[in-house]
Each structure stands twice: as C-alpha cells, then as structure tokens.
Amino acid sequence: MPIEQLIAKAELNPGKLFLIDGFGAIISAFLLGVVLVKFEEKIGVPVSVLYLLATIPLFFAAYDFYCCRKKQQKSGVLLKGIALLNLAYCCLSLGLLFYHFDTTTNLGCVYFIIEIAIVMFLVIIEFRVGNKIIKTSTQQKFK
C-alpha cells in the first residue's frame, strides 16, 4: 500500500493510528524491559539503560490510549504531540547507543536500528496525518 493511501486511511480514523502506536510502545517496553534484559551480555547495553528505555514507552502507551478516545477535531494536534515524543525517544535511544557503543554488540546495534527505523516511519505518518487533520479542520472552520 503506497504511503499516501495509508495516510488517507489514517486521516479518516486517527484512533487506529493511536492504537498502533500504543500497542507498539507496549511491545517495545516488553522487549527492552524483559527480553533484552535477559540477554544483556548478547546485547551489550547495561540493564539500567534498558529499563530506562522500557519505561518511557509505557507513558507513551498511556498517552496513545487516552488520545484514542478524544474527538477527531483534536486528533491532529495530539498526533503531532506523540510524533514529537517518539522523535525525542529515537534521539535518546540513538544517543544512548552511541554512548554505550564500545560495549554494544552487533546484535544490540541491529535491534536499536530496527526499532528506531520503525518508530521513525510512524513519526512520519503521524506528522503527515496530524497536519492533514489540522488543515482539514481549519478549512471547515472558515467555510
């Protein structure tokens, strides 16, 4: 499915985008806080960093599930909000990856690069859908 079709579908039902982001955040928290902790020596990232990175998505999931229930008129701003939070999370993850680069294994690098790529794809979709919803609601106000 081309990205434009995906954006058009998400614009019609932004609640699904919040759900996707929320469930993705829960999966990230589980992988970081449970699975990767068990394989710390194979990942090379300290447990304290994994727990920190696992805690943040739990707050994002709460935000997503809250936003999912809001009226569509506010969805544009709320989507841009979670997009900014996700972007900040990617920057933090990347920064911590570089900080612990000496100890991080190839497997650890692969995990974080894949996670960042997936989240960044979501960030792009969320920004674009958020902008379209804001533009549409602004146009409707002035009609």
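The following paragraphs lead from the interior of this predicted model to its surface.

The interior may be considered first. The largest nonpolar core comprises 30 residues, and those touching the most other members are Leu17, Leu32, Leu50, Leu53, Leu79, Phe112 and Val129. Several helices contribute to this core: H1 (3–12), H2, H4 (47–68), H5 (72–99) and H6 (106–141) each supply at least two of its residues. Apart from this core lies another, made of five residues, including Ala83, Cys90, Ile116 and Val119.

Phe112 shows how one residue of the largest core is surrounded. Leaving out residues up to four places away in sequence, Phe112 touches Leu32, Val45, Leu50, Leu53 and Leu97. Among these partners, Leu32, Leu50 and Leu53 also belong to the residues that touch the most other members of the core.

The surface has nonpolar residues as well. Ile3, Leu6, Phe121 and Ile124 form a nonpolar patch there, and together they have about 300 Å² of accessible area. Helices H1 and H6 each supply at least two residues of the patch. Leu6, one of its members, is found in helix H1. Its relative accessibility is 30%, and Leu6 therefore counts as partly exposed.

Ile26 offers a further example. This residue lies in helix H2, which spans residues 14–38. Because its relative accessible area is 37%, Ile26 is partly exposed. When neighbours within four places in sequence are set aside, Ile26 is in contact with Ala61 and Phe65. Ile124 stands 98 residues from Ile26 along the chain, and the C-alpha atoms of the two are separated by 20 Å.

Definitions and conventions
Residues are numbered from 1 along each chain as its sequence is written. This is a predicted model: local features need pLDDT of at least 70, side-chain atom pairs count only at pLDDT 80 or more; totals for chains, interfaces and linings use all residues. Side-chain values use heavy atoms; hydrogens and water are left out. Helices (H or I, at least four residues) and strands (E, at least two) are DSSP runs, numbered from the N terminus. Buried means under 20% relative accessible area, exposed over 50%, partly exposed in between (1.4 Å probe, protein chains only). Contact means heavy atoms within 4.5 Å. A nonpolar core is a set of buried Ala, Val, Leu, Ile, Met, Phe, Trp, Tyr and Cys residues joined through side-chain atoms within 4.5 Å. Patches are made of residues with over 30% relative accessible area and no salt bridge: like charges are joined within 9 Å, nonpolar side chains (Val, Leu, Ile, Met, Phe, Trp, Tyr) within 5 Å. Accessible areas come from the Shrake-Rupley method with a 1.4 Å probe; for residues, only the protein chains shown count as cover. A salt bridge is a side-chain nitrogen of Lys or Arg within 4 Å of a carboxyl oxygen of Asp or Glu.
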